[in-house]
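Here's a quick tour for anyone opening this one for the first time. Have a look at the picture, then read on for the charged pairs and the helix packing.

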Amino acid sequence: MLEIDKGFIKRTNKFFLFTVGVTTAIIFIFYILGLVIDDFSDFPKASINNEHKFKLVGLFTYFFNNGFILPFIMLILSIIPIPYLYYLNTLSTVFSLGMLIGIHFAYNFMDGIKLFLGFLPHLLIEIYSLSLMLSILYVINKVIINKLMNVFRKETIKTISMHHAVIEGIKKYIKYFLPIVLIAAIIETYISPLWYYFLLSLF
């Protein structure tokens, strides 16, 4: 029988390590691809500085988007009885950032280091928050798939009820996910710009 609480953090850590590995691979791939680019004149110079830095509206925007909009999209994908389809949003997030950092390494290695180190604190905690959500949705998706497969099995496999899966998922969403997203929002809005300014002053 599938139990919701068993291995929740362990499963989260597996998603985290896997996503960090994927991000690292994307950075490396686009670094190699970037080395064959001769003309970087059309390549935008990236910066952690943004119009919402140090502003409460930036904090609210990030928290709302990553705490409610993104999880809702992931939830919709998890309802579809295809394993790990809900991972697409996470892949999209780390792909765009990994591509940006990787090409910056090829464009100017020192700028790439500064950009990578500047993004790193926020990037890691954002990946972990996404991993918490992935761990929650894993159970919901697994229950849906098991119940669907039971229709075609001669002997049904016992699983938890969908009601129980959703209730436990909501509890973990409130208890674990939202606080981490809030911390990530604070880091991106207030800490990352200061950290990036500090890196720029060093080299």
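Let's start with Lys114: its relative accessibility is 11%, so it counts as buried, the cut-off being under 20%. Keep in mind that this is a predicted model. Lys114 has a partner too, since its side chain meets that of Asp111 in a salt bridge.

**The pair in helix α4**

- The N-to-O distance between Asp111 and Lys114 is 3.4 Å.
- Both residues sit in helix α4, which covers residues 109-150, and they are three residues apart, about one turn of the helix.
- Is Asp111 buried or exposed? With 17% relative accessibility, Asp111 is buried, because the limit is under 20%.

**The network in helix α5**

- How many salt bridges are there by the rule used here? The count is three.
- Over in helix α5 (residues 162-202), Lys171 and Glu168 are three residues apart, about one turn of the helix, and their side chains form a salt bridge at 3.6 Å, N to O.
- Glu168 also pairs with Lys172, where the closest N and O atoms are 3.8 Å apart.
- Glu168 and Lys172 are four residues apart in α5, again about one turn of the helix.
- Put together, Glu168, Lys171 and Lys172 make up a linked network of salt bridges.
- Burial varies here: Glu168 has 12% relative accessibility and so counts as buried, while Lys171, with 48%, counts as partly exposed.
- Lys172 is buried, as is Glu168.
- As background, side chains of opposite charge can pair when their charged atoms come close.

**How α3 and α4 pack**

- The axes of helix α3 (residues 88-107) and α4 come within 9 Å of each other and cross at roughly 170°.
- Why do the two helices count as roughly antiparallel? Their crossing angle is roughly 170°, and angles over 145 degrees are classed that way, so α3 and α4 are roughly antiparallel to each other.
- On the α3 side, the contact residues include Thr90, Val94, Leu97, Leu100, Ile101 and Phe105.
- From α4, residues including Phe109, Ile113, Phe116, Phe119, Leu123 and Leu130 take part.
- Asp111 turns up here as well, among the α4 residues in this contact, on top of its salt bridge with Lys114.
- By class, the contact of α3 with α4 has 15 nonpolar, four polar and two charged residues.

Notes:
Residues numbered from 1 in each chain as written. Predicted model: local features only at pLDDT ≥ 70, side-chain atom pairs only at ≥ 80, totals over all residues. Heavy atoms only, no water. Salt bridge = Lys/Arg side-chain N within 4 Å of Asp/Glu carboxyl O. Buried < 20%, exposed > 50% of the residue type's maximum accessible area, 1.4 Å probe, protein only. Axes fitted to C-alpha atoms, helices over the stretch in contact; angles between N-to-C directions. Parallel < 35°, antiparallel > 145°, perpendicular 65-115°, else oblique. Contact = heavy atoms within 4.5 Å. Nonpolar A, V, L, I, M, F, W, Y, C, P; charged D, E, K, R; others polar.
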